[in-house]
Amino acid sequence: MNSKQNLPQSHGDTENNKILRNLINRNVLLGMASNYKITMVLRLNIEFGFSLCLRDSVVEVYAICAEDFKKAKNQTSFLSKLILLILQPWAGLKFGFIKEKSPTLIGVDITSTSIKMVAFSRDANGQYQLDAYVISPIANLAMTDGNVADLEKVSDAISVAWKLLGSRKKRVALALPSAAVISKKVSLPADLSEDDMALQVEAEANQYIPFSLDEVNIDFQVLGPTAKNKEDVDVLIVAARKEKIEDRVAVAEGAGLDVVVMDVENYATEAAYSLLAKQLPDHGQEQTVVVVDIGASTMHIHVMHDCQTVYSREQNVGGDQLTQQIQTHFAMSAQEAELAKRQGNLPDTYLSEVLPAFVQNLAMEVARAVQFFLSSSQYHQVDHILLAGGCASIAGLDNAVQSRTNVHTLIANPFNSMRMSAKIKTQQAALDAPALLIACGLAMRSEVPL
Ligand SMILES: Nc1ncnc2c1ncn2[C@@H]1O[C@H](COP(=O)(O)OP(=O)(O)OP(=O)(O)O)[C@@H](O)[C@H]1O
Ligand SMILES: [Mg+2]
């Protein structure tokens, strides 16, 4: 079972809370904004019986019970047992007469250039519907190197983005940049009690984390039995500095939002890949697929095999370089160059004198990254490349990447074959979709994991 470190004892760490917290965290690798999750746990604890009809969490409650009922029943107090007993007959059932409501959170991706938000709901079959999304600019240098440099400006940008989103939901999932997180897989004896496991995790973390444990939040997830020794389990330990988490939570709270989940960008991309896989033959089963997310300043490479991440890396390549070239070539300010680039509103010579070299250079970087992956892993071939990020929209980049790599290349669209709310402009959504991978992965997070 999962557990948490650095839990605020003031909330009262009763047996009930522990169990509910474990249920809630079961599939979420990071709950580093622990205070926020615990608040939710406490509320659930009080409102559990009422959640069925009164709250959005109707479906979540069924799901918990279906999957974890037995485990929970053996370990909870009398009160929780009673509640779970009441819920038992409904566990896992779908009710035709109760409209399933979305248990999902708003996914909020705070990037170097913008605030991206996505809101999904789930239909009765568990399929996602796109309710709303927004990409709203952020003040220059308010975020630097993935850190919040100006709390007020970032908070204001989130507030503006949320208003533009037009959703009533206020509960959000955020992510830390992968580079801000230390993760380590270790093997521990399977028969450790939860408390002993937590102690062992702390001891292991001490060896790998170059900071005092007081300065970090640690979370861990038991992944399953260790391949070579059935008496051990693989445990993923994840740690990040508290200040990085607190800054992100503060900017969201400053905008009036409730942070429920603090994820990691890589995990959010992995979650969103399940939407992208629908674009691939056989839904990507048994295939090796490279997802290349090229943003303004960073290119992230994620290699998925059979829908699991097997490799990830990032490098400093992105659309900012093209903006700078446009600035120099056409004597424009950064803002003018950025706007003209996005709107395709540049002199004809842009297409002959500026863009081709940039496209070829980017394609070469992708080809190198793919080559590097192949030479440093057990994999011998890549079946598809999916281009994501704002730069995926650059005309001709997909063809250039395909010719350089000889790998089938297409543009990632997480909204592909997804139902959309009537107010979404579908053509614009298809253009914006590649830049929304992380926000989509976060928007798939539930308050209670299904
Ligand atoms: N239609 C377009 N044509 C060319 N470039 C575009 C287009 N749309 C977006 N871009 C470029 O994509 C980049 C932004 O992409 P994205 O939104 O994925 O970045 P980001 O997530 O904010 O940045 P990062 O991930 O590096 O922090 C910018 O450089 C922008 O100019
Ligand atoms: Mg990005």
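## Around ligand 1

In this predicted model, the shell around ligand 1 is a good place to begin. Of its 21 residues, those that come nearest to the ligand are T111, G295, G319, G389 and G390. Two helices, α9 (319-330) and α10 (334-343), are the elements that give two or more residues to this shell.

What is the make-up of the shell around ligand 1 by residue class? The residues divide into 13 polar, four charged and four nonpolar.

## The chain as a whole

Stepping back from the ligand, the protein chain has 17 strands and 14 helices. Of its 450 residues, 42% count as buried. If we take the contacts in the protein chain with a separation of 6 or more, residues 24 or more positions apart account for 68% of them.

## Helix α11 and its partner α9

Let us now follow helix α11, which spans residues 349-375. One of its partners is α9, a helix already met at the ligand shell. The axes of α9 and α11 come within 10 Å and cross at roughly 160°. Angles over 145 degrees count as roughly antiparallel, so that is how α9 runs relative to α11. The crossing of these two helices is right-handed.

Which residues make the contact between α9 and α11? On the α9 side they are Q321, L322, Q325, I326 and H329, and on the α11 side E353, V354 and F358. Sorted by class, the contact of α9 with α11 has four nonpolar, three polar and one charged residues.

## Helix α11 and its partner α12

Helix α11 also meets helix α12, which covers residues 397-405. Here the axes come within 9 Å and cross at roughly 45°, which makes α11 oblique to α12. The crossing in which α11 passes α12 is right-handed.

From α11, the contact takes in V359, Q360, L362, A363, M364, V366, A367 and V370; from α12, it takes in L397, A400, V401, R404 and T405. By class, the contact of α11 with α12 has 10 nonpolar, two polar and one charged residues.

Q360 deserves a closer look, as one of the α11 residues that meet α12. Is Q360 buried, partly exposed or exposed? It has 15 other C-beta atoms within 10 Å, so Q360 is partly exposed. The C-alpha atoms of Q360 and A400 are separated by 6.6 Å, although these residues are 40 residues apart along the chain.

## V382, in the loop after α11

Moving on along the chain, V382 lies in the loop between α11 and β15 (384-388). V382 is buried because 20 other C-beta atoms lie within 10 Å, and 20 or more is the cut-off for that label.

What does V382 touch, leaving aside residues up to four places away in sequence? The answer is T288, V290, V370 and V407. Of these, V370 is also one of the α11 residues that meet α12. V382 has a further link across the chain: its C-alpha atom and that of Q287, 95 residues apart along the chain, are separated by 7.6 Å.

## The pair α5 and α7

Elsewhere, helix α5 (residues 151-165) and helix α7 (residues 242-254) form another pair, with axes that come within 7 Å and cross at roughly 50°. The two helices are therefore oblique to each other, and the crossing of α5 and α7 is right-handed.

L151, V154, S155 and I158 in α5 meet D247, A250, V251, A252 and G254 in α7. The residues of this contact divide into six nonpolar, two polar and one charged.

## Two loop residues with positive phi

Most residues other than glycine have a negative phi. Against that background, two loop residues are worth a look. D306, not a glycine, has a positive phi of about 50°. Where is D306 placed? Its place is in the loop between β13 (299-305) and β14 (308-315). D306 has 12 C-beta neighbours inside 10 Å, so it counts as exposed.

N406, likewise a residue other than glycine, has a positive phi, near 60°. This residue is found in the loop between α12 and β16 (408-411). With 10 C-beta neighbours inside 10 Å, N406 counts as exposed, because the label applies to residues with 12 or fewer.

Conventions. Residues numbered from 1 in each chain as written. Chains lettered and ligands numbered in written order. Predicted model: local features only at pLDDT ≥ 70, side-chain atom pairs only at ≥ 80, totals over all residues. Helix = DSSP H or I, 4+ residues; strand = E, 2+ residues; numbered from the N terminus. Near = placed C-beta within 6 Å. Nonpolar A, V, L, I, M, F, W, Y, C, P; charged D, E, K, R; others polar. Axes fitted to C-alpha atoms, helices over the stretch in contact; angles between N-to-C directions. Parallel < 35°, antiparallel > 145°, perpendicular 65-115°, else oblique. Left-handed = near helix turned anticlockwise from the far one by under 90°. Contact = placed C-beta atoms within 7 Å.
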